[in-house]
Amino acid sequence: MNPDVAAAVDRLARDGALNPAQARLFSRIARRQLVSVHAELRLLAYLGVLLAMAGVGVLVKENLDRIGPVAIASILGLGALLCLGWVARQAPAFSRGAAASPHLALDYVLLLGALLIGADLAYVEAQFTALGDGWPWHLLLVSVIYGLLAIRYDSRVVFSLALSTFVAWRGVSAARLERSFWHSGDAAAVRANAMVCGALFALLGALLRARRFKAHFEPVAAHLGWLLILAAPVSALGDPRPAATVSAVLLGALGGGLAAFAYVRRRFGLFAMGVVGAYVGISALFVDALSGSDAAILGFFWFTATPIAVLAFLYVAHRRLKESE
Amino acid sequence: MRPDAVAADRAHDVRTAARGWLRKGAIDAAAVAAIEDRYVDDRSRFGPVFRFLAFGFTLLAVNACLGLFSLAFGVRSGFGWVAVFWGVVVAGGTELLTGPLKRADSGVEAATALTAVGYLSMGIAAIASHDFSDRSTVSIFLAVTTGLCLLASVRWGFPFLAVGATVCGFLLLARLPAGRVAWMLAAALLTPLLLSASESSRLPPAQRRGCRAGLFLTLVAFYVAVHVGSLDGRVVEWLVEFRGEGWPVTSRLRTLSILATAIVPVAILGFGVATRRTSFLYPGLVLAVVSLVTLRFYVHVAPLWVVLGTSGAAALGLTLLLRRVLDSGPGKERGGFTAEPLFEDPRGRRAAEMVAVVASLAPGARSIPEDRGRLEPGGGTFGGGGATGEF
């Protein structure tokens, strides 16, 4: 219940700023006489997908010997078919642009169907080794399937899963970046893969926007892409010189460039990433250069003064943006 | 809160609602302009991205400044007094920002408020416990933090301070001889108070949000206190110096706990549905899932994968069914509930959903160099390409 909005609606209706129909609807919502459970139902759907996939994981892990591989593969395949069949019935026709979702659970049923396909393919590959030594390619195949489903049924959630699966194929876990970079057997290879994937995603997003083909998917690709591009040099900051120095310079340059580009285009999420990336890169160079008895006091001075400078920059930038609106 | 800050907070709430109405086409731009003329918000506010940046950099600057001050003036002892001094200075800064400088939702004043409460709590606790050497150090710290968070949330209105007060308050109660009972009693007393406060027109929107956050935690605390798994595992008792001792559990007590584990989420959900309060629907939903999981651990009704899979399918099925029932009502509503999103801003929810999906369901990476043959594509702990994590 929102007593301030309820009182405001009454006043605005009296003053004629709202007509009676508008006032009645807004007042009902403000007084809790009409409550939307849209978000709660989506949460319930998400919990359903989470529980179902946990069940799939346990099924595969604990019943490899008992149920039989064909039975398990069939159960997973059937589940995926049911989900995708329902989605196919509910979804609108394909369009190049954004399509209004006809059902609040469509994204999640599609997500479950996609995940079941992924689990089924992974299981089939592990059991029957269809791809032989090329077994990692199953992740690429899964990523392509997710991408096609995302495009056909206009789902940003499944599109984000497609991108993170592609990145997993290249050896980077999008869910646990820190484990990928710091606990992998070959950190340099993982970092290189991450940066290339990130650049590909940023380009993909730009292409989608330029071609006006699912242009609303571009922010998903751009944000994940730049996160990968910036995370790679961050992970190398703890390495010995000169790798750490080169990474800090690269991070500062990439972050600064991204912040400038994003500010001009009013892309605030990318702007935040760029500012943080540039700051971390420049600060790493400064900290690396500190030495002697004054190192500690200089370090504290740096981390006192520079954030204040950044804050001043943010205030100026914010005011300029508001003035230009 | 200051009267001018309260007025601005109320006006901001109305303006936000008006922008939601405009986004869905329920009113036009002229109506929004008229509303914004009547409800003037004189605060300087940032959007979520700028706010996040400002919060982080302020936190860094304020803490580094204390280090600089300590080094520059050669402060090597008397942590308690230094912390109190710094807390007072930063609290003064927060007063300046929220008062004459008219800042709200900029991230800066939230960071200074958090730092002020943190340093004051640590400082006072250090002084009272003789530099943390007293046996009752933790209790003193929790008591001081609870009080300061409460005062600060009343003065400045930040919901996270209300969360801090609630968490520290319950942790303090856990240290009483009958901590579990104290939790139940406190939750029973606080719930109606917080519920009433969260809807009171006497409180500004920021304080009402704080009360809602406190209410959520209070309901969770009550559930934890009565939960059979928490009783068997001595969870509340473990919070006191991680020892897990406590009164012996009789079979009668255990039976009551089992009943409560089943009934409490249903009661919370039922109350939320009966009174149309979403502040009870969320905790009711989450705690109901926890109770179902608990059932499986205590009663082997079926193999775990069957329980999980069926629960997941049931949750999805329930979503579809509820949506159909609500949509079939006149005006797509039934009993005052609707599945339509009304005037909510979907951008924040969409971003949160994508992050949640990638974090929990994205597959784990393959190893480089290659590691053949193990079906371990990972995928968080829940799935995605075949999970091997524990549930």
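Here is a short round of questions and answers on a predicted model and its chains A and B.

In this predicted model, local features need pLDDT of at least 70, side-chain atom pairs count only at pLDDT 80 or more, and totals for chains, interfaces and linings use all residues. Residues are numbered from 1 along each chain as its sequence is written, chains are lettered from A in the order in which they are written, and side-chain values use heavy atoms, with hydrogens and water left out.

Visitor: How many residues does the contact take from chain A and from chain B?

Guide: Contact means heavy atoms within 4.5 Å. By that rule, both chains supply residues: 112 from chain A and 102 from chain B.

Visitor: What area do chain A and chain B bury between them?

Guide: Buried area is the accessible area (1.4 Å probe) that two parts lose on being put together, summed over both. Of the area here, 72% is on carbon and sulfur atoms. The total for chain A and chain B is about 9400 Å².

Visitor: How many residue pairs are in polar contact between chain A and chain B?

Guide: A polar contact is a pair of N or O atoms within 3.5 Å. Within protein, one atom must be able to donate a hydrogen and the other to accept it, and residues adjacent in sequence count only if both atoms are side-chain atoms. With both residues at pLDDT 80 or more, the count between the chains is 23.

Visitor: Which helix gives the largest share of the side of chain A that touches chain B?

Guide: Helices (H or I, at least four residues) and strands (E, at least two) are DSSP runs, numbered from the N terminus. The largest share is 23 residues, and it comes from residues 38-62 of chain A, helix H3.

Visitor: Which residue stands opposite A:Val35?

Guide: Two strands pair if DSSP finds at least two bridges between them. Two bridges join strand E1 (residues 35-36) of chain A to strand E1 (residues 337-338) of chain B, and the strands run parallel. Opposite A:Val35, in E1(B), stands B:Phe337.

Visitor: How many salt bridges does the rule find across the interface of chain A and chain B?

Guide: A salt bridge is a side-chain nitrogen of Lys or Arg within 4 Å of a carboxyl oxygen of Asp or Glu. A search of the whole structure finds 29 over all chains. Across the interface of chain A and chain B, the number is six.

Visitor: Which residue forms a salt bridge with A:Asp4?

Guide: The closest N and O atoms of this pair are 2.7 Å apart. The pair crosses between chains, from helix H1 (residues 3-15) of chain A to helix H1 (residues 3-23) of chain B. The partner is B:Arg10.

Visitor: Is A:Asp4 buried or exposed?

Guide: Buried means under 20% relative accessible area, exposed over 50%, partly exposed in between (1.4 Å probe, protein chains only). B:Arg10 has 22%, so B:Arg10 is partly exposed. A:Asp4 has 10%, so A:Asp4 is buried.

Visitor: Which residue is linked with B:Asp4, B:Asp42 and B:Arg43 in a network of salt bridges?

Guide: Within this group, the side chains of B:Arg43 and B:Asp42 meet at 3.1 Å, N to O. B:Arg43 is buried at 8%, whereas B:Asp42 is partly exposed at 36%. The other residue in the network is B:Lys102.

Visitor: What residue shares a polar contact of 2.6 Å with B:Asp41?

Guide: B:Asp41 lies in the loop between helix H2 (29-38) and helix H3 (48-72) of chain B. With a relative accessible area of 16%, B:Asp41 is buried. A polar contact of 3.4 Å joins its side chain to B:His12. At 2.6 Å, the partner is B:Arg45.
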